[in-house]
Amino acid sequence: MKKLISILLIILLIFNGETWTSVQAAPSKKTSRAVKKSSADTTTKKVNKSSSKTASKKKNTTIRSKTSKTSKTKIATSNKKKAPKKVTTKSTAKKRLSTKSTTRRIVASRSAAGYGELLDWSVAKEVFSIGSKARVIDLLTGKSFYVIRTYGHLHADVEAASKEDTEIIKDIWNGFSWERRPVIVEVNGRRIAASMTSMPHAGVDSAPEGKIVNGRSGGYGRGMNLDKIKGNGMDGHIDIHFLNSRRHKDGAVDKDHQEMIKKAAGF
C-alpha cells in the first residue's frame with residue numbers, strides 16, 4: 001500500500017512539474033511576442049520619426065528655397081530701382097548744345113530779315129528747278145539781279161536773265177570772278193541761303209546751244225556749248241551752290257561755298 005501511494009505521489013509530482021514547466025513557458029512566449037511587438041513599435045516610431053524629420057527637412061529646404069528666391073527677387077528689384085543713371089559726358093552735352101544751337105540759328109535765319117533758310121540741295125533743286133527764274137540778292141551789298149537756271153545736277157548752273165542783270169553782277173564782283181559770295185535766292189516763295197561765283201564758263205553766247213564748239217569760256221576748250229540765254233552779255237553759265245551741293249568737275253563738296261551758304265543763313 002505504501003509503495004502504491006509512493007508511486008502515485010511520484011506520478012503527481014511528475015505531472016505537476018510538467019504543468020509548471022508549461023505554465024512558465026507560456027509567459028515566455030507572451031513575453032517574446034511583447035518584445036517583438038515592442039521592437040516593431042519602436043521601429044515604426046523610428047521610421048515615422050525619421051520620415052517626420054525628412055519631411056521637416058524638405059519643408060525647411062522648400063521654405064529656404066522660397067525665401068532665397070524671394071530674397072533674390074527683392075535684390076533684383078532693388079538693383080533695378082538703384083540702377084545707375086546714364087552719365088552725360090562733356091562731349092554728349094556739347095553735341096546736344098550744338099544741335100540745339102544749330103536749330104535755333106536755322107530758325108532765326110528763316111525769320112530774320114536779310115537771311116535765307118538752310119535748304120539741302122536735294123530739296124533746293126526741286127524748288128529752284130531747271131527753267132525757273134529767281135531773284136538773287138547779294139548779302140553784303142544788298143544789290144539784286146535775276147537769273148534763270150539752265151543746267152546743273154550737282155549744283156545750279158544759271159545765266160543772267162538779261163544784259164542789265166549781267167552788268168549788276170559784274171558791278172558786285174568787280175567783273176567776272178571765281179570769288180564765292182553769300183547770296184539769297186528768292187524763288188517760288190522761298191528765300192534760300194546760297195553761294196555764288198560770277199565767272200561764266202563752258203559756253204559761247206554767239207553759237208547755238210548744245211552744239212560742239214571750240215573756245216568755250218572759262219578755259220573749258222572744245223565741247224558742248226552750254227550757253228542757253230542769248231544776248232545777255234555773258235558766254236556760258238555761272239554757278240550757285242546750296243547746302244550739301246557738289247562740284248561738277250569732281251563731285252566733291254566745296255568747303256568755301258558751304259561757308260558762304262552758312263553766312264547767308266545767318267551763321
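Is Phe 242 buried or exposed? Select this residue as the starting point: Phe 242 is buried, and its relative accessible area is 0%. The model in the viewer is a predicted one, and the tour returns to Phe 242 at its last stop.

**The whole chain**

Display the protein chain as a cartoon before going further. Its secondary structure comprises 5 helices and 8 strands. Read from the N terminus, these elements follow the order α-α-α-β-β-β-α-β-β-β-β-β-α. Of the 267 residues, 29% are buried. Switching to a surface view shows an accessible area of about 17,600 Å², with 57% of it contributed by carbon and sulfur atoms. Among contacts between residues at least 6 apart in sequence, 58% connect residues that are at least 24 apart.

**Strands β1, β2 and β3**

Next, select residues 133-138, which form strand β1, together with β2; the two strands run antiparallel and are joined by 5 bridges. Strand β2 itself covers residues 144-151. To follow the pairing by eye, locate Val 136, whose bridge partner in β2 is Phe 145. The two strands make a hairpin with 5 residues between them, and Gly 142 in the turn has a positive phi of about 80 degrees.

Extend the selection to residues 156-160, strand β3, which pairs with β2 in the antiparallel sense over 4 bridges. Here Arg 149 stands opposite Val 158 of β3. This is again a hairpin, with 4 residues between β2 and β3; the turn contains Gly 152, whose phi is positive at about 100 degrees.

**Tyr 151**

Now centre the view on Tyr 151, a residue of strand β2. Beyond its neighbours within four places in sequence, Tyr 151 is in contact with Ile 130, Ala 156, Asp 157, Glu 209, Asn 225 and Leu 226. With Glu 209 there is a polar contact of 2.3 Å between the side chains. Adding His 237 to the selection gives a C-alpha to C-alpha separation of 8.5 Å from Tyr 151, although the two positions lie 86 residues apart in sequence numbering.

**Helix α4 against the hairpin**

Select residues 163-173, helix α4, and highlight Ile 172 within it. Ile 172 has a relative accessibility of 7% and is therefore buried, since the cut-off for burial is under 20%. Apart from neighbours within four places in sequence, the contacts of Ile 172 are Asp 138, Thr 141, Lys 143, Phe 145 and Arg 181. The C-alpha atom of Ile 172 lies 9.7 Å from that of Gly 142, a residue 30 positions away along the chain.

**Salt bridges**

Turn on the charged side chains; the structure contains 10 salt bridges. One of them joins Glu 186 and Arg 135, at 3.1 Å from N to O. Glu 186 belongs to strand β4 (residues 181-187) and Arg 135 to β1, so this pair ties together parts 51 residues apart in sequence. Both partners are partly exposed, Glu 186 at 22% relative accessible area and Arg 135 at 28%.

Move to Asp 227 and Lys 230, whose closest N and O atoms are 3.2 Å apart in another salt bridge. Asp 227 is buried, at 0%, whereas Lys 230 is partly exposed, at 37%.

Then select Arg 247 and Asp 254, which meet in a salt bridge of 3.3 Å, N to O. Adding Arg 180 and Asp 250 completes a network in which salt bridges with shared partners join these two residues to Arg 247 and Asp 254. Within this group, Arg 247 is partly exposed at 23%, and Asp 254 is buried at 3%.

**Aromatic pairs**

Finally, show the aromatic rings; the whole structure holds 3 aromatic pairs. Trp 121 and Phe 242 form a stacked pair, with 5.8 Å between centres and 20 degrees between planes. Trp 121 is in helix α3 (residues 121-127) and Phe 242 in the loop between β8 (238-241) and α5 (255-264), 121 residues apart. Trp 121 is buried at 7% relative accessibility, and Phe 242 is buried at 0%. The rings of Phe 145 and Trp 173 have centres 6.5 Å apart and planes at 70 degrees, so this pair is edge-to-face. Phe 145 lies in β2 and Trp 173 in α4, 28 residues apart. Phe 145 is buried at 1%, and Trp 173 is buried at 3%. To close, select Trp 121, Phe 128 and Phe 242 together, which form one aromatic cluster.

Conventions: Residues are numbered from 1 along each chain as its sequence is written. Side-chain values use heavy atoms; hydrogens and water are left out. Buried means under 20% relative accessible area, exposed over 50%, partly exposed in between (1.4 Å probe, protein chains only). Contact means heavy atoms within 4.5 Å. Accessible areas come from the Shrake-Rupley method with a 1.4 Å probe; for residues, only the protein chains shown count as cover. A polar contact is a pair of N or O atoms within 3.5 Å; within protein, one must be able to donate a hydrogen and the other to accept it, and residues adjacent in sequence count only if both atoms are side-chain atoms. Two strands pair if DSSP finds at least two bridges between them. A salt bridge is a side-chain nitrogen of Lys or Arg within 4 Å of a carboxyl oxygen of Asp or Glu. Rings of Phe, Tyr and Trp (its six-membered ring) pair if their centres lie within 6.5 Å; planes under 30 degrees apart count as stacked, over 60 as edge-to-face and the rest as tilted.
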